[in-house]
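Grab a pencil and work through a few exercises on one protein structure. Try each task yourself, then check the worked solution below it.

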Amino acid sequence: MESTATPTHCPYCALQCGMNLTPAPAGTAGPTVELTERADFPVNRGALCGKGRTAPELLSSGVRLTSPLVRSDGGELVPATWEEALERITAGLGSVRAAHGADAVGVFGGGGLTNEKAYALGKFARIVLGTSEIDYNGRFCMSSAAAAGIKAFGVDRGLPFPLEDVPRTGCVILVGSNPAETMPPALRYFTELRENGGKLIVVDPRRTRTADHADLHLAPRPGTDLALALGLLHLVVSEGRVDEEYVRERTTGWEEARAAAMAHWPEYVERITGVPVPQLREVVRMFCAAESAMVLTARGPEQQSKGTDTVGAWINLCLATGRPGRPLSGYGCLTGQGNGQGGREHGQKADQLPGYRKLDDPAARRHVAEVWGVDPDSLPGPGRSAYELLDALGGDVRALLLMASNPVVSAPRAAHVEERIRSLDFLAVCDVVLSETAALADVVLPVTQWAEETGTTTNLEGRVVLRRQAITPPDGVRSDLRVMHELAARLGEREGLEKKFPTDPEEVFEELRRASAGGPADYSGISYRRLAEGDGVFWPCPAPAAGVQDGEDAALDGAPLPDDDPARDGTPPDPHPGTPRLFLDRFATPDGRARFVPVAHRPVAEEPDDAYPVLLTTGRVVSQYQSGAQTRRVPELNRAAPGPFVELHPRLADRLGAAEGDLLAVESRRGRAVAAARVTTAIRPDTVFMPFHWPGAGRANTLTNPALDPTSRMPEFKVCAVRVEKVEQDAARRDAGRAG
């Protein structure tokens, strides 16, 4: 009998590319599923990168965890039963809570969790553990763009338009993004843009594979994107290119933002950024000459201690030229993680409740508390942000439950974070593989992943999609939802609390709908059936006025139907179609106008000096993903990207006496990393680049600066001061031994 293909989505980046999975025939060596293209899904149209294409290899029992692990008396992680592992967690978390209070227990989530799991995790932290100390690794990804978007537009959705609009616009400024390597199937949107006569401008300190496709490449000094945006806005004003009618009719705050920009004249900006004035003028000419245009940012300008202001400056440029809320135009953020968008909407952030509600809003607390069946006053207040939570481990926070994250590799000042994790009284980790962080745990729980479970994610467009289970997970593996259900039964202070934590993802999603109803990220009009029948639904998607979805689902608030409701005579109300394009009529602010936010250039937190004269920037390579916990277990990907490296300009290499392949030590005020030299003219002479996917001696995040943005609490991953030196092989081996 022929197996049926299951349409689903990739486990990696925020494109959430469509793919089909079919169980492999019994006895087949290798992956348990066969992957084929899904050409009908509009985001990737069948295209997959190497990571997506090899994702089935992660399902093999030889790669993934299949049994709980507990720390033995001898200090080793050894297999255990689920009952023993859950009892260990209950005792570990419970004893810390009893001795030191609820906030001594922390929870750390991940941007790869499905919407259902992210929602349940935030709920679990607040009503089972009673702790305010919950945040997630998505804080390290999109938080600055989110904060700037909320300030300007009143809502945060990565892209306020679908990707299909990108090839049809007239000009795109792509700031600090390298989709050719971070999300390769998206590159076609930019190549099609140019084929259609549009212009692509790339802003990046490196000449990346994406920059090779650009009409114009700007290579600013790392950490100066804010000054660059302000200089461009200065030129828009001085050259008379402001869309005065748009500014007058659709915005507020222009005069203050204009005055701030006028302090950044072109020659001053050239001195700060290194971008020549003629290039600045050419950017303004190309951007303003286009009938429609976009600015898209990613981690480059966002992962800075001034990331919110930096993104705000690029938004100001868009507003002054009349772009947001017009067809094929506006500002957008290219979200990174697989569920980076949905993961920041439904409650695993320190200050958030489901539906992108604020935890300190009394009305939001009342609404969500009613859905959860608890007293609003019982909900804890906002807690620490991600790095601040990690920094508090072993101090105020003495026990940690961690899901789907690997901060030993991915956090800034990683050696310090590793030390803090080691100092915990108790650590429990739920993961698919034994990551570097899981290896430090007292208990490790093997949980389902991707093709082994059903759940929703929300891609970078705000498109909610349904990942479907294609295979049965191995014996000994349980879902995160079941883990929370089991722990609620053991840790809950009220009998029967586990009933508030169903294990069926669709049941969790139905509750998420109710909790999100009326919030900025309103999913109440979305159902699994709608998702299964189409290509996803864009939020906000409120339920019809009577609270009925598709004429069949129960009223979300349980209220009786009004006498004049069409459903009373058997005519179901039309479902909301979803919102592919935001802001066409108004912005999500009280008066419907977008907000200019005045900002000014300021230096990075750590400027180069005589002791540390070079700038370090970090990023990704095409064949690895995030901390590499999964992709480093795929042989094909490891052959393509076997280890860390230091990219540097030939002039810097000459000063160091270094050649291609020589080992270099890169040292910051926080630590030292060693990796092979990769000499190229694609990078600025004052800058080195390291990818951050590897642990050990080449761990790039040993070096990075945890200086935080005052609004988003984003660490400054993208720029810090370092010194670089050539090292001998013997010294490098000693470094590797110490790191191991």
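**Exercise 1. A pair between two strands**

Find the salt bridge that arginine 672 makes, and work out which parts of the chain it ties together.

*Solution.* Keep in mind that this is a predicted model.

Step 1: look for the partner. Arginine 672 forms a salt bridge with glutamate 725, and their closest N and O atoms sit 3.3 Å apart. The cut-off is 4 Å, so the pair counts.

Step 2: place both residues. Arginine 672 lies in strand S26 and glutamate 725 in strand S30 (residues 720–726), so the bridge ties together parts that are 53 residues apart in sequence.

Step 3: check the surroundings. Arginine 672 is partly exposed at 31% relative accessibility, and glutamate 725 is partly exposed too, at 39%. Both fall in the partly exposed class because buried means under 20% and exposed means over 50%.

**Exercise 2. Two more bridges**

Are glutamate 606 and arginine 670 buried or exposed? Do the same check for aspartate 591 and arginine 595.

*Solution.* Step 1: start with glutamate 606 and arginine 670. Their side chains meet in a salt bridge, at 2.9 Å from N to O. This pair links distant parts of the chain: glutamate 606 is in the loop between strand S22 (594–595) and strand S23 (614–619), while arginine 670 is in the loop between strand S25 (663–668) and strand S26 (671–679), 64 residues apart. Glutamate 606 and arginine 670 are both buried.

Step 2: turn to aspartate 591 and arginine 595. Here the side chains meet at 2.6 Å, N to O, in a salt bridge. Aspartate 591 is partly exposed, with a relative accessible area of 40%. Arginine 595 is partly exposed as well, at 23%.

Step 3: zoom out. The structure holds 49 salt bridges. Some join up: Glu83, Glu87, Arg478, Arg482, Glu486 and Arg490 are linked in a salt-bridge network.

**Exercise 3. Hunting for disulfides**

How many disulfides does the whole structure hold? Then see how far cysteine 318 and cysteine 333 are from the nearest cysteine sulfur.

*Solution.* Step 1: search everything. The count is zero disulfides.

Step 2: take cysteine 318. The nearest cysteine sulfur belongs to cysteine 171 and is 10 Å away. A disulfide needs sulfur atoms within 2.5 Å, so cysteine 318 is in none. Cysteine 318 is buried, with a relative accessible area of 0%.

Step 3: repeat for cysteine 333. Its nearest cysteine sulfur is that of cysteine 141, 9.6 Å away, and cysteine 333 is in no disulfide. At 3% relative accessibility, cysteine 333 counts as buried.

**Exercise 4. How helices cross**

Two packed helices are described by the angle between their axes and the distance between the axes. Use both to describe how helix H10 packs with helix H11, and how helix H7 packs with H10.

*Solution.* Step 1: take H10 (residues 266–273) and H11 (residues 277–289). They pack at an angle of about 110°, with their axes 9 Å apart. That makes H10 roughly perpendicular to H11. The crossing of H10 past H11 is right-handed.

Step 2: see who touches whom. Pro266, Glu267, Val269 and Glu270 in H10 meet Val277, Leu280 and Arg281 in H11.

Step 3: switch to H7 (residues 225–238) and H10. Their axes come within 9 Å and cross at roughly 165°. H7 and H10 are therefore roughly antiparallel to each other. H7 passes H10 in a left-handed crossing.

Step 4: list the contacts again. Ala227, Leu228, Gly231, His234 and Leu235 in H7 meet Pro266, Val269, Ile272 and Thr273 in H10.

**Exercise 5. A covered helix**

How many residues of helix H4 are buried, and what covers them?

*Solution.* Step 1: count. Nine of the eleven residues in H4 (residues 143–153) are buried, which leaves the helix mostly covered.

Step 2: name them. The buried ones are Ser143, Ser144, Ala145, Ala146, Ala147, Ala148, Gly149, Ala152 and Phe153.

Step 3: find the cover. It includes helix H12 (299–302), helix H13 (307–320), strand S13 (330–333) and S22.

Step 4: peek past the end. Just after H4, glycine 154 takes a positive phi of about 90°.

Conventions: Residues numbered from 1 in each chain as written. Predicted model: local features only at pLDDT ≥ 70, side-chain atom pairs only at ≥ 80, totals over all residues. Heavy atoms only, no water. Buried < 20%, exposed > 50% of the residue type's maximum accessible area, 1.4 Å probe, protein only. Helix = DSSP H or I, 4+ residues; strand = E, 2+ residues; numbered from the N terminus. Axes fitted to C-alpha atoms, helices over the stretch in contact; angles between N-to-C directions. Parallel < 35°, antiparallel > 145°, perpendicular 65-115°, else oblique. Left-handed = near helix turned anticlockwise from the far one by under 90°. Contact = heavy atoms within 4.5 Å.
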